2 protein chains.
Amino acid sequence: MSNTFVVIGGDAAGMSAASKARRANPDLDVVVFEKGEWVSYAACGMPYFVKGDVEELDDLVTVTPETFREERDIDLRTGHEVVDIDPETQTVTVESDDRTFEQAYDDLLVATGASAIEPPFDGLALDGVFTIHDMDEADAIDAYVSEHTPETAAIVGGGYVGIEMAEALSAHGVDVHLFEMLPHVLQPFGEAVADRVEDHLRDQGVTLHLDTAVSGFAGDGAVESVHVENDTYAADIAVVGVGVAPNTDLAEQAGIELGPTGAIATDEYGRTNHEHVYAAGDCAEAEHVVTGDPDHVPLALTANRAGRAIGQTVTGSPTPVGPIAGTAIVKAFELGASRTGILDEQRAREAGYDPVSVTITASSRAHYYPDGSDLTVTLVADRTSGRVLGASLVGPEGAKRVDTVAMALRSGATVSELQTADLAYAPPFSPVWDPVLTAAKVLKGELD
Amino acid sequence: MSNTFVVIGGDAAGMSAASKARRANPDLDVVVFEKGEWVSYAACGMPYFVKGDVEELDDLVTVTPETFREERDIDLRTGHEVVDIDPETQTVTVESDDRTFEQAYDDLLVATGASAIEPPFDGLALDGVFTIHDMDEADAIDAYVSEHTPETAAIVGGGYVGIEMAEALSAHGVDVHLFEMLPHVLQPFGEAVADRVEDHLRDQGVTLHLDTAVSGFAGDGAVESVHVENDTYAADIAVVGVGVAPNTDLAEQAGIELGPTGAIATDEYGRTNHEHVYAAGDCAEAEHVVTGDPDHVPLALTANRAGRAIGQTVTGSPTPVGPIAGTAIVKAFELGASRTGILDEQRAREAGYDPVSVTITASSRAHYYPDGSDLTVTLVADRTSGRVLGASLVGPEGAKRVDTVAMALRSGATVSELQTADLAYAPPFSPVWDPVLTAAKVLKGELD
């Protein structure tokens, strides 16, 4: 059993592991090295801070460093960067402002997170060009908006971050142009979601440039324009949100193996190829519940859950980190969009399935009950086994109902089982057949 | 294969079966006998008609008789009462205004529904005393409220109907007194729900009389007061909603067996003890997904689903009606309350389980995101197997998340599986750990 548990990285995975390990074993030394100053913060909340829905950046901090140190008795060292791991001697080398030292561990968790990808754009260093990769950057965007009251924004990337930032900047009266290289926004959500979200973004005054590759920004000190293949648009502020990449340099240097996705390979307990080195969160792979293959889905719940499980494992209660389904939900102005599992036909085929898909639109409430709205559900299943593979939902209300399908995926349920789940009905909440059930009913008809 | 499919009862189960059978086999004769004039109506919508949220009673009709007859080619006979079933000769005897005749069937569906229980109260026949058992009664309540503008209402029964009618009458400015014999309202939802709903009803100005048995009503022609053991309260209108009982007389006369609940016993295809006689909807039992025992939960989805499955079965595609979980959801003014599965410890023990239960309260959204609210989740599991047995939820938003647990029940999932379902998170929709996951996490801790 561990006497010293060292954690590299003080966000979701790291602090969940540290907290759980401490609760499980009060005699354990728990040391967390975080190279920055922020710990345990809700990165997903940053767009809402920029928008103004969240007043203080500090509101996004779930637990303060003081609480970790004083109430949870965790030796949390911010401003401390781990620069080397030696799995043979079970030590890490740590740099702080004033010194470099070694720290021994019995068990180590690598929770180094991910970084926003910086594409090779011209003018990325101009004032007013931002990625949204950490709390300081969120603060900087907020300050820039206040100080410069931009009239036009260029958002590069039509994923969550791009869409959430479109909403945030529009709320400040900024005229938003959103650039996406692919034919659709929210690519992992599939076309049925993209169609409705794109219509809605346009209704909200966002100008969409789909199938459009940005080459860079220009300006005199500060950004003034964004360049695409044959065009230039004015932009007083730019936000680049084209995805994240796992922070794996430190692990790689130490001989910790990466998996097929480029993130750190782990077993079902979050263990790397070194017995006493674990990895969790945005830097690590996890097992996909549908394909059984390693996948890299850097999202908050995955990180929290894996961290917590590893905290249990290192204190003597081996706990699987659990599979992931790539479940995600995003607010796009007045719409909610969600997805889970495998929607992409090609990917389903690669995993050995014969995918069949249906898309239906049904009311979120009883047809006669006020304020219901159209919820569009796409459901995918395997023709041979009937197993549910994935789903997406989009509408002004009800996108969270994707959880029903996420649970079905966790159980390996078939469409018949989903169709005969006894979901809740009353006129203010659902039609008699919840839209998820209607989709299952129609899909079952296709499979029979 | 059936040439003539006869259905007794033109509401959810009956019309679902008729419609499905017709679509599956265009050559089939499909005859529906409905003794009243209303078919395929949303009984659950009646309180919202009384409240004023739904303008016309006709809005509650899902499909009109004309559509069934003309577009769906179903021989729908309203005002026709089946008075006898002869399973030996496979005929039913039918009475209409002008004649009595026999109708032969190859397959028969008994979908006679349920009736509101009329307790042995004094003064039940007074003007202004209503049960809410059908559309005409909803119309009568609405008319009575308009004509008499009652100042005080007595609602007897703290189940769904009572609570929905409390909301409906309060919306008309009526001072509502709600009487419940048991110590709590919404008994099948458990105490955690009852506590919050009771507080909220009081906040909304409803006077609760719990543990209070009504003996009857008094008045001169019209109701003026309600009597309980040692007290009398003014009441200008009274609504009695103390439950429903299955309409089984016709079936019993024909030698169709009832089950332990008093409703018609059926097999997994909805078949009764007579091979060509099926039963579905509020008059029939269904198999409980947790206990495996027959249960009687007269709700709309059960009826629709069973009817549809029987429509498939009689046209040559044997289709199980599917199990039920007793899932229910109800709006109580600004609160939603839901339940699924087995919450009652005694009942869990009778089914062979060793129930362990936790109740947690967590925010419906990220803690820093506006307009989140407290969602209280109770989760019950079996100590030995870890199997999830049931859940309840209550709060201003999120009660529909009971569906996640309903899906878990359908799959026979354990708490570990529920806890590691990849549910959707983004700040506007949920905390990182959805409250259902938090409940599972805490319950898992209790089980370990």
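Domain bounds in these exercises come from an automatic or database domain assignment. The structure is a predicted model, in which local features need pLDDT of at least 70 and side-chain atom pairs count only at pLDDT 80 or more, while totals for chains, interfaces and linings use all residues. Residues are numbered from 1 along each chain as its sequence is written, and chains are lettered from A and ligands numbered from 1 in the order in which they are written.

**Exercise 1. State the domains of chain A and give the distance between the C-alpha centres of domain 1 and domain 3 of chain A.**

Solution. The assignment divides chain A into domain 1 (4-44 + 51-114 + 245-313), domain 2 (118-242) and domain 3 (334-447). Between the C-alpha centres of domain 1 of chain A and domain 3 of chain A there are 35 Å.

**Exercise 2. Describe how chain A is laid on chain B, and describe the contact that the two chains make.**

Solution. Copies are superposed by least squares on the C-alpha atoms of residues with pLDDT of at least 70 in both. A turn of 180° with a shift of 0.0 Å along the axis lays chain A on chain B with an RMSD of 0.0 Å, and the two copies are thus related as by a two-fold rotation axis. The C-alpha of chain A nearest that axis belongs to A:Thr404, at 2.3 Å from it.

For the contact, two residues count if their C-beta atoms, placed from the backbone, lie within 7 Å. On this basis chain A gives 55 residues and chain B gives 55 residues. The largest share of the side of chain A that touches chain B, eight residues, is supplied by H10(A), where helices (H or I, at least four residues) and strands (E, at least two) are DSSP runs numbered from the N terminus. Since 100% of the interface residues of chain A are also interface residues in chain B, the copies meet through the same surface.

**Exercise 3. Place strand S7 (residues 107-110) of chain A among its neighbours and say which way its residues point.**

Solution. Two strands pair if DSSP finds at least two bridges between them. Strand S1 (residues 4-8) of chain A pairs with S7(A) in the parallel sense over four bridges, with A:Val7 opposite A:Leu109. S7(A) also runs parallel to strand S18 (residues 277-279) of chain A, to which three bridges join it, and there A:Tyr278 is the bridge partner of A:Leu109.

Turning to the side chains, A:Asp107 and A:Leu109 point one way and A:Leu108 and A:Val110 the other, and all are buried; a residue is buried if 20 or more other C-beta atoms lie within 10 Å of its own, exposed if 12 or fewer, and partly exposed in between, with C-beta atoms placed from the backbone.

**Exercise 4. Which of A:Thr149 and A:Leu186 is buried and which is exposed, and what is the phi of A:Thr149 and of A:Leu186?**

Solution. Most residues other than glycine have a negative phi. A:Thr149, in the loop between helix H4 (135-148) and strand S10 (152-156) of chain A, has a positive phi near 30°, and A:Thr149 is exposed, with 12 other C-beta atoms within 10 Å. A:Leu186, in the loop between strand S11 (175-179) and helix H6 (191-203) of chain A, has a positive phi of about 45°, but A:Leu186 counts as buried, with 26 C-beta neighbours inside 10 Å.
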